[in-house]
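Biologist: I am new to this one. Could you show it to me and let me ask how you arrive at the words you use?

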Amino acid sequence: MSAEAVTLNSGTSSCKIHLFGATVISWVCKGKERLFLSTDAIMDGSKAIRGGIPIVFPNFGPWECGPQHGIARISWWKVVEQHVQLDNGDTQVVLELTDDEKSRKIWNYSFKLQYTVTLSSSTLTSSLHITNTSTTSFDFTTLLHTYIRVDDIKDTTVSGLKGCAYKDKVTTSDGIEQDSEVKISMNVDRVYMDTNHHVVTHVGGRIQVEKEGLPDTVLWNPWVEKSQAMSDFNNDGWLNMVCVEPGFVGKRKVLGVGEVFGCKQTLTVLE
Ligand code: BG6
């Protein structure tokens, strides 16, 4: 383990969590890397890490208070429990982020985020608990910005969206998803509401994305030009990724004093 990352191992699976943003940057399962990490990702803490599973809190998207997607993904987290070997052989790490002077200058509330990453032979579970430690209530949106690695986006489908209302951020239109297996063949940036669990199917395998407490899902692939316009996104990276991002983003969640909000994503390699 380097000072900046924690590695978990379970059987032949492993995952690595960077303390900047508590970003899971690698998940190797059944002999293959399952998460996309840009080869141009910046890992020195000067910018959110481009890939893996960044945590979005307390705001999804552009934000009048400060940086897009909020504070959590651009803060250094600390490990509070490490490499706990559970009875069933799974391994786990618990990371924590609390408000500080810098965060309060952006968003003047006190909070505690606890993020538990659990690795088993075929699953990676990310569980987030948000506690309001302020003296007033606050509201937020949150999301796990999961970059799934695929062999070829042109041969990839995402299920669990049929019949769901979406807001399309590229065309600025609304719609209802018609397809049970959504294919991506251009820049896609959609916020789907009240979604089901997902399965991402590509030539190299199938990954299930299950969620709890996260009713919505953002589907994102920047395609050619937008990838090239991002300095930390390798130019051909769009070919090998799809972001399937379980979130609470359709409306803002209000959290009273002392209240706790919990949510969870479980990724499973099906084959
Ligand atoms: C997605 C948003 O969640 O994240 C997109 O819907 C955004 O609009 C994308 O472009 C990447 O955001 P960022 O800040 O990491 O470049």
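Modeller: Let us start at the hairpin of strand 1 and strand 2, with its two residues between the strands, where glycine 11 takes a positive phi near 60°. Keep in mind that this is a predicted model.

Biologist: What makes strand 1 and strand 2 a pair?

Modeller: The cut-off is at least two bridges. Strand 1 (residues 5–10) and strand 2 are joined by six bridges in the antiparallel sense, so they pair by that definition. One of these matches is threonine 7 with lysine 16 in strand 2.

Biologist: Why is threonine 7 called partly exposed?

Modeller: Buried needs under 20% relative accessible area, and exposed needs over 50%. Threonine 7 has 25%, so "partly exposed" is the label. Threonine 7 is found in strand 1, and its C-alpha atom is 6.4 Å from that of isoleucine 17, although the two are ten residues apart along the chain.

Biologist: And which strands does the next hairpin join?

Modeller: Strand 2 and strand 3, with four residues between the strands; here glycine 21 takes a positive phi near 80°. Strand 2 and strand 3 (residues 23–29) pair in the antiparallel sense over five bridges, and cysteine 15 stands opposite tryptophan 27 in strand 3. Strand 2 (residues 13–18) is mostly covered, with five of its six residues buried.

Biologist: What makes strand 6 and strand 15 edge strands?

Modeller: They belong to an open sheet of nine strands in the order 6-7-8-9-21-18-17-12-15, with antiparallel pairing. Strand 6 (78–85) and strand 15 (182–183) each have a single partner strand, so one side of each has no neighbour in the sheet. Elsewhere in the order, strand 9 (residues 123–132) and strand 21 (residues 260–269) run antiparallel and are joined by nine bridges, with serine 126 matched to glutamine 265 in strand 21.

Biologist: Why is the pair of phenylalanine 140 and phenylalanine 261 called edge-to-face?

Modeller: The structure has 18 aromatic pairs. In this one the ring centres are 5.4 Å apart and the planes stand at 75°. Centres within 6.5 Å make a pair and planes over 60 degrees apart make it edge-to-face, so both conditions are met. The pair links distant parts of the chain, from strand 10 (residues 138–144) to strand 21, 121 residues apart. Phenylalanine 140 and phenylalanine 261 are both buried.

Biologist: Which aromatic pair does phenylalanine 248 form?

Modeller: Phenylalanine 248 pairs with phenylalanine 261 at 5.7 Å centre to centre and 90° between the planes, which is again edge-to-face. Phenylalanine 248 lies in strand 20 (residues 241–255) and is buried. These rings belong to one aromatic cluster, made of Phe57, Trp107, Tyr109, Phe111, Phe138, Phe140, Phe248 and Phe261.

Biologist: How do you know that glutamate 245 makes a polar contact with the ligand?

Modeller: A polar contact needs N or O atoms within 3.5 Å. A side-chain N or O atom of glutamate 245 is 2.7 Å from an oxygen atom of the ligand, so the pair qualifies. Arginine 50 at 3.0 Å and histidine 69 at 3.1 Å pass by the same reasoning. The protein covers 83% of the 390 Å² of accessible area that the ligand has on its own.

Biologist: Which classes of residue make up the shell around the ligand?

Modeller: Three nonpolar, three polar and five charged residues. Among those surrounding the ligand are Phe60, Gln68, Lys169 and Trp220.

Note on methods:
Residues numbered from 1 in each chain as written. Predicted model: local features only at pLDDT ≥ 70, side-chain atom pairs only at ≥ 80, totals over all residues. Heavy atoms only, no water. Near = heavy atom within 4 Å. Polar contact = N/O pair within 3.5 Å; in protein donor to acceptor, adjacent residues only side chain to side chain. Areas by Shrake-Rupley, 256 points an atom, 1.4 Å probe, with all protein chains shown as cover. Nonpolar A, V, L, I, M, F, W, Y, C, P; charged D, E, K, R; others polar. Buried < 20%, exposed > 50% of the residue type's maximum accessible area, 1.4 Å probe, protein only. Phe/Tyr/Trp six-rings, centres within 6.5 Å; stacked < 30°, edge-to-face > 60°.
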